[in-house]
Amino acid sequence: MRIIDNCIDIFRQNQLLDYLTSERCNWYYTPHVAYSKQKPTDRPAYYHEWVANDMIRDPKHISFIYPFLDLTNKNRIIRAVSFLQLPRVDNTPNGKHIDLDGKNTICLYYVNDSDGGTVFYKGDKIVNKVEAKKGRCVIFNGDIYHSGVSPTNCKIVINMNLQDA
């Protein structure tokens, strides 16, 4: 697992935040921000698809995602989606899960500062926690179980599943 602060320059950090919080960005509601062992977590959120099943969904703004390929030394985006979680009072994990079956590398990028970071598991035990800090990314193997933590303030994260072509 690698944690990189200010993984992209401040200008690009602000551009991403401005885009994702503007009326130009299309957000869609989901009642389940994650699935834990194929069960929904009943934690609502909004999502914005950049890439789904290798298909670019936001061609005008996909260039925001490309710098993360360089950070991970990967060249294929399988999936890239932003999640916007609204505040909750409980500040607890959303549900232990892996994003995709098969070999992939995950790059989580925190768009804004929030108290809802990400926790990582070994078995059922939380073994690591990464705080959500604007400009920070965490890169890890896709077979590691993890969970976002519900924020008590708004949280925006970009979740990318990457591979070699």
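Trainee: What makes the approach of Asp9 to Phe11 at the start of helix 1 a polar contact?

Mentor: A side-chain oxygen of Asp9 reaches to within 3.1 Å of the backbone nitrogen of Phe11. A polar contact is a pair of N or O atoms within 3.5 Å, where within protein one must be able to donate a hydrogen and the other to accept it, and residues adjacent in sequence count only if both atoms are side-chain atoms; the pair therefore qualifies. This is a predicted model, in which local features need pLDDT of at least 70 and side-chain atom pairs count only at pLDDT 80 or more, while totals for chains, interfaces and linings use all residues. Residues are numbered from 1 along each chain as its sequence is written, and side-chain values use heavy atoms, with hydrogens and water left out.

Trainee: Why is Cys25 called buried?

Mentor: Cys25 has 6% relative accessibility, and buried means under 20% relative accessible area, exposed over 50%, partly exposed in between (1.4 Å probe, protein chains only). Cys25 therefore counts as buried. Cys137, at 0%, counts as buried too.

Trainee: How do you know that Cys137 forms no disulfide with Cys7?

Mentor: A disulfide is a pair of cysteine sulfur atoms within 2.5 Å. The closest cysteine sulfur to that of Cys137 is in Cys7, at 3.7 Å, so the two are too far apart for a bond. For Cys25, the closest is in Cys154, 12 Å away, again too far. The structure holds zero disulfides.

Trainee: Which residues of helix 1 are buried, and which are exposed on the other side?

Mentor: Gln13, Leu16, Tyr19 and Leu20 are the buried ones. Ile10 and Phe11 are exposed on the other side.

Terms used. Helix = DSSP H or I, 4+ residues; strand = E, 2+ residues; numbered from the N terminus.
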